[in-house]
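Hi,

Here is the structure I promised to send over. Have a look at it first, and my notes follow underneath.

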Amino acid sequence: MAADLGELLVPYMPTIRVPRTGDRVFKSECAFSFDSPESEGGLYVCMNTFLGFGREHVERHYRKTGQSVYMHLKRHVKEVKFYT
């Protein structure tokens, strides 16, 4: 699976950046809404601009910039029961 994923990303490698010291990565909330990794659809972070987007805003960003590689962040809240 990992090799297949790597092969899929090869054409997009020139557009993918690695965050450097001082780069801000907006991974906690969508740039246009209040979506977060805890939201139902999660959050998509552009791997070039490092901006976060909710599901309904990713396509708009893609059409505007042509960026097509996003990291999907999704957190699942798990209830912890404490026994006393």
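**What I found**

Let me start with the contacts. Taking those between residues at least 6 apart in sequence, 46% join residues at least 24 apart. Do keep in mind that this is a predicted model.

As for the overall layout, the chain has 2 helices and 3 strands, and they come in the order α-β-β-α-β along the sequence. The radius of gyration is 15 Å, well over the 12 Å that the globule rule gives for 84 residues, so the chain is more spread out than a compact globule. Its C-alpha trace spans about 55 × 35 × 30 Å along the principal axes. Of the 84 residues, 27% count as buried. The accessible surface comes to about 6,800 Å², and carbon and sulfur atoms account for 58% of that. On the charge side, there are 12 positive and 10 negative charges, and their mean positions sit 5 Å apart.

Now for helix H2, which covers residues 55–65. Which of its residues are buried? They are His 57, Val 58 and His 61. These residues cover an arc of only 115 degrees around the axis, which puts them on the same side of H2. That buried set packs against three strands: E1 (43–46), E2 (52–53) and E3 (70–73). If you turn the helix round, the face away from the buried side carries the exposed residues Glu 56, Glu 59 and Arg 63. Just after H2 comes Gly 66, with a positive phi near 80 degrees.

Two residues of H2 are worth a click. His 57 has a relative accessible area of 14%, and the cut-off for buried is under 20%, so His 57 counts as buried. Leaving out its neighbours within four places in sequence, His 57 is in contact with Cys 30, Phe 32 and Ser 33. Arg 60 is also in H2, but at 39% relative accessibility Arg 60 counts as partly exposed. If you want a distance to check in your viewer, try Arg 60 to Glu 40: they are 20 residues apart in sequence and 19 Å apart in space, C-alpha to C-alpha.

Next, Cys 46. Is this residue of strand E1 buried or exposed? Cys 46 is buried, with a relative accessible area of 0%. Not counting residues up to four places away in sequence, Cys 46 touches Leu 51, Phe 53, His 61, Gln 67, Val 69 and Tyr 70. One of those partners, His 61, belongs to the buried set of H2, and another, Tyr 70, falls within the residue range of E3 (70–73). Cys 46 and Ile 16 are 30 residues apart along the chain, and their C-alpha atoms are separated by 8.7 Å.

Last one: Phe 50, in the loop between E1 and E2. Although Phe 50 sits in a loop, at 2% relative accessibility it counts as buried. Its backbone also caught my eye. Most residues other than glycine have a negative phi. Phe 50, however, has a positive phi, near 65 degrees.

That's what I have so far. Shout if you'd like to go through any of it together.

Cheers

Note on methods
Residues numbered from 1 in each chain as written. Predicted model: local features only at pLDDT ≥ 70, side-chain atom pairs only at ≥ 80, totals over all residues. Heavy atoms only, no water. Helix = DSSP H or I, 4+ residues; strand = E, 2+ residues; numbered from the N terminus. Rg over C-alpha atoms; globule rule 2.2 N^0.38 Å. Buried < 20%, exposed > 50% of the residue type's maximum accessible area, 1.4 Å probe, protein only. Contact = heavy atoms within 4.5 Å. Areas by Shrake-Rupley, 256 points an atom, 1.4 Å probe, with all protein chains shown as cover. Lys, Arg positive; Asp, Glu negative; His and termini not counted. Charge placed at Lys NZ, Arg CZ, Asp CG, Glu CD. Arc of directions from axis to C-beta.
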